[in-house]
Structures are given as C-alpha cells and as structure tokens.
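Colleague: I'm new to this one and would like some help reading it. Could you take me through a few features, one at a time?

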Amino acid sequence: MSTPLRSEGWSVQPSFVPHGTVAPVTLLADDDALTQLAGEPAVAWQTPWTELSNVQIVGFARSMALFATVSGVRYCWRNPSRSDFEALRAIVLAHGGVVARQRRRAGIYSVAVIVLIAALAGGIGSWLYRNSSGSNVIAETRNVNLTLRDLPTGWYPSPAPSASPLYNLFSAAGKLEKPSTTPTTLPKKTSIWAKVSNVFQQCVGVSAHRDRVYGAAGQQPEYQVSSKIFDSPSFGGIEVVSTTQYYVTTTMVHRDTAEMSRRNFGSCFATSNVALVRAVYRASVPTSNTGTNFRPATFLRGWSRGGEAQLTLPSVSETPHLVMVEITNGHYEVTLGVLTNDWPKAATFVSGLTGTLLSRIESTTSKSV
C-alpha cells in the first residue's frame with residue numbers, strides 16, 4: 001500500500017453541490033479513493049478511483065491542474081504550487097490516468113496551431129496589408145466574440161484552457177492577431193499540415209491550389225481575436241470558444257463563403273480539426289470523412305454552416321464530440337468551437353450561440369458587453 005498523499009491549497013470548478021464551496025480545497029489521495037475537503041469547516045466528498053474517468057494531471061511552469069469526470073461532470077482542481085506534482089503524478093498514473101505535457105503542445109506544435117487559426121475561415125494564402133479604420137474596427141472585432149454574459153448560470157472561464165483540445169485549435173484569448181504575409185507555396189506532402197489539409201481537401205472535393213480554407217487560394221484576415229474558453233457541466237460536460245476575423249473587403253468573405261457552402265463542408269471541416277488535434281497528440285489522423293453536417297437553426301440574415309465529429313485520443317476513455325460552426329456576414333467570419341459529451345442534445349444550445357454571434361456581425365449596434 002502506498003503512502004497516502006495530503007495536498008493543500010487547491011480550488012475546484014464546478015462546485016460539488018450548487019453554490020457550494022470551491023476554495024480552499026484539500027485533496028487526499030490513497031490506493032482506494034480521491035477525497036476532497038472543501039471549505040472551513042471542511043466538508044468531505046470521497047470518490048473511489050473506479051468511479052473516476054478521464055483522469056488527467058497537467059503541470060505548468062508554477063502551477064498544476066487535475067481533471068476528472070465523476071457521474072458525467074468534468075471537474076478541474078487548480079493549485080498555484082507544483083510542490084506535490086510528482087507525488088500526485090505517480091498516483092494518477094497508477095490509477096490509469098494520463099499526464100498532459102503542456103510544454104510540448106506549446107512548443108513542437110505551436111506552428112501548426114498558429115497556421116490553423118489563421119486558416120479557420122480565410123485560408124493560408126496570400127494576404128496584403130491595407131490601412132483600415134483602425135481602433136474602431138479592432139473594438140468591433142473584439143466585441144463580436146462570446147462572453148460569460150452570453151451563457152447561462154453555471155458557466156465559468158476554463159481554469160486550465162491549455163489542457164483543452166480547443167486550445168490547440170484557437171488562438172490565445174483576447175490577443176489581437178494581425179497575420180503577416182503568407183507564401184502561396186504548398187507544404188511538403190510529408191508534413192503534419194499537409195496531411196491535415198489533404199483530409200479536408202479530399203473530403204470536400206477541392207484541389208490544394210484552389211482551396212481557400214487550407215490551401216493556396218486563401219486570404220488572411222486583417223484582424224483576428226479569440227474569446228476565452230468557457231466550461232459548464234451541462235450536456236455531460238461542454239466547452240465553447242469563438243474566434244472573429246475581420247477582412248478588408250466583403251469580396252474576400254463572399255469567396256470563402258462560396259467554398260464553405262459545398263455540401264459536405266461542415267462534416268469535412270470537423271473531421272479535419274479532429275485530424276489536427278490527433279496529430280498534436282501524435283495519434284494517427286483520419287483518412288476519410290468521420291463527421292456529420294450540422295445546420296444551425298437561426299432566423300437571421302447571414303450564413304452559417306457546421307459539422308461535428310467524435311474526438312478520440314490516446315489514453316483518454318471519453319470520446320467527446322467536436323463541433324465546428326462557421327458564420328459569415330459582411331466583413332466578418334466567425335468560428336464557433338464546441339466540445340461536448342452529449343450530442344445532439346446540445347444542438348439547440350449551439351444554434352442559440354450561433355444566432356448570438358450572427359446578430360453581432362449583422363449590426364454594428366449589437367455588441368457583447
């Protein structure tokens with residue numbers, strides 16, 4: 001029998017009971033169970049390891065996070081200290097959990113992530129810098145994205161966004177991107193990016209030279225900014241995030257929309273994003289369309305298409321659904337990313353978020369606050 005571990009200084013999201021204590025939290029770990037002591041005086045919740053699924057520990061430069069699913073709810077414990085990381089890491093591994101190597105994701109694969117978010121709706125083709133209306137456009141672009149006020153009670157900003165697969169698909173929250181000129185030459189056929197691009201292009205039926213989403217025909221936006229990743233225990237556990245791109249001319253958006261209006265765009269786009277996440281985790285990428293189309297139900301002007309595909313990862317027992325929705329109107333292209341364990345029950349909710357984002361690019365007076 002191993003020596004029990006007592007680790008202090010944690011916080012937890014969501015709370016184990018409605019409006020319950022989320023800090024301070026002490027974790028007790030032994031061979032049989034994980035016990036949480038929350039609040040002062042402490043209230044104890046003990047969960048056998050056999051009832052915990054998808055256990056994951058993440059080490060950061062000065063902090064750590066522990067994730068586990070209990071009865072369909074995804075919990076995250078955060079600690080600003082790494083002092084117990086190695087001891088807890090050994091316990092997690094002993095009970096079938098995994099260690100997420102956050103440094104590797106941010107390092108080896110950062111180029112692929114940056115290229116993808118630049119290509120989410122506008123392609124990786126040539127982009128020419130032009131003067132614009134400056135600060136007003138930047139403010140409007142920021143104001144399109146989702147905020148906590150757009151979400152029901154019980155949602156919260158992800159306490160460890162870099163541990164989410166969505167982190168590999170969307171740029172850092174709030175960081176304004178001004179993509180630089182990108183060469184129109186195609187990547188080497190053996191590169192990860194080429195493999196992911198090929199998945200999409202064969203699925204949709206477009207050549208790499210004519211593809212505006214991943215290929216050489218695409219155009220970069222002038223401005224791009226992402227929201228935070230938001231979490232909720234609803235729908236068996238769900239995460240959402242959005243990215244807004246502003247293009248200098250509406251013609252750019254019209255041409256992108258024309259390609260994205262192809263019959264299987266939604267399912268193919270979801271499949272290609274699953275391919276990229278699996279490549280980040282050094283897993284094989286799908287060679288055929290594994291997704292399904294999703295048409296958000298909205299009653300607004302503008303255009304939207306989506307798709308979903310299951311995301312399987314090595315050493316992770318759960319298989320959540322990755323949902324990707326593209327929304328276009330005027331100068332704007334918006335990408336909505338959703339990771340949920342309960343699809344299609346979440347479809348109506350995702351349609352509502354699509355409508356919220358679409359309303360903001362329809363009218364300059366409709367802004368998030």
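Modeller: Sure. Keep in mind that this is a predicted model. Let's start with strand β12: Ile238, Val240, Ser242, Thr244 and Tyr246 point one way, while Glu239, Val241, Thr243 and Gln245 point the other way.

Colleague: Why do the side chains of a strand take turns like that?

Modeller: In a regular strand, side chains alternate between the two faces of the sheet.

Colleague: And are the residues of β12 buried or exposed?

Modeller: Buried, on both sides of the strand. The count for β12 is 9 of 9 residues.

Colleague: Which strands pair with β12?

Modeller: Let's go through them. Strand β10 (residues 223-226) runs antiparallel to β12, joined by 4 bridges. To find your place there, look for serine 226, whose bridge partner in β12 is threonine 243. Strand β11 (residues 230-232) is also antiparallel to β12, with 3 bridges, and there phenylalanine 230 sits opposite valine 240. Then comes β16, antiparallel again, with 9 bridges to β12. In that pairing, threonine 244 of β12 faces valine 334 of β16.

Colleague: What should I look for in the hairpin of β11 and β12?

Modeller: Look at what joins the strands: 5 residues lie between them. Phenylalanine 235 in this hairpin has a positive phi, near 55°.

Colleague: Now a helix. How many residues does α8 have, and how far does it reach?

Modeller: You can set the end-to-end reach against what 1.5 Å a residue would give. Helix α8 covers residues 347-362, which is 16 residues, and spans 22 Å from its first C-alpha to its last, close to the expected 22 Å.

Colleague: Which elements cover the buried residues of α8?

Modeller: The cover includes α4 (135-144) and the strands β12 (238-246), β13 (292-294), β14 (303-310), β15 (321-329) and β16 (332-340). So you meet β12 again here, as part of that cover. Among the buried residues of α8 are Phe349, Leu353, Leu357 and Arg360.

Colleague: What about a single residue in a loop? Where does alanine 160 lie?

Modeller: Alanine 160 is in the loop between β9 (156-157) and α5 (192-204). It counts as buried because its relative accessibility is 3%, and the cut-off for buried is under 20%.

Colleague: Which residues does alanine 160 touch, leaving out those up to four places away in sequence?

Modeller: Phe60, Ala65, Phe67, Cys76 and Arg78. Take phenylalanine 67: it is 93 residues from alanine 160 in sequence, yet their C-alpha atoms are 9.4 Å apart in space.

Colleague: Last topic: how many cavities of 30 Å³ or more are there?

Modeller: There are 2. The largest cavity holds about 440 Å³ of space. Its lining has 28 residues, and Asn54, Arg74, Pro165, Glu239 and Leu339 lie nearest the centre. β5 (52-59), β7 (73-79), β11, β12 and β16 each give two or more residues to that lining, and β7 gives the most, with 3. By class, the lining has 16 nonpolar, 8 polar and 4 charged residues.

Colleague: And what lines the second largest cavity?

Modeller: That cavity has about 40 Å³ of space. Its lining residues include Phe16, Leu27, Trp45 and Trp77. The elements giving two or more residues are β3 (33-38) and β4 (43-48), with β3 giving the most, 3 residues. This lining divides into 6 nonpolar, 3 polar and no charged residues.

Technical notes. Residues numbered from 1 in each chain as written. Predicted model: local features only at pLDDT ≥ 70, side-chain atom pairs only at ≥ 80, totals over all residues. Heavy atoms only, no water. Buried < 20%, exposed > 50% of the residue type's maximum accessible area, 1.4 Å probe, protein only. Contact = heavy atoms within 4.5 Å. Expected span 1.5 Å × (residues − 1). Pairing = 2+ DSSP bridges. 1 Å grid on protein atoms, 1.4 Å probe; cavity = no way out; pocket = protein on both sides within 12 Å on 5 of 7 lines; lining within 4 Å. Points joined across faces, edges and corners; volume = space filled by probe spheres on them. Nonpolar A, V, L, I, M, F, W, Y, C, P; charged D, E, K, R; others polar.
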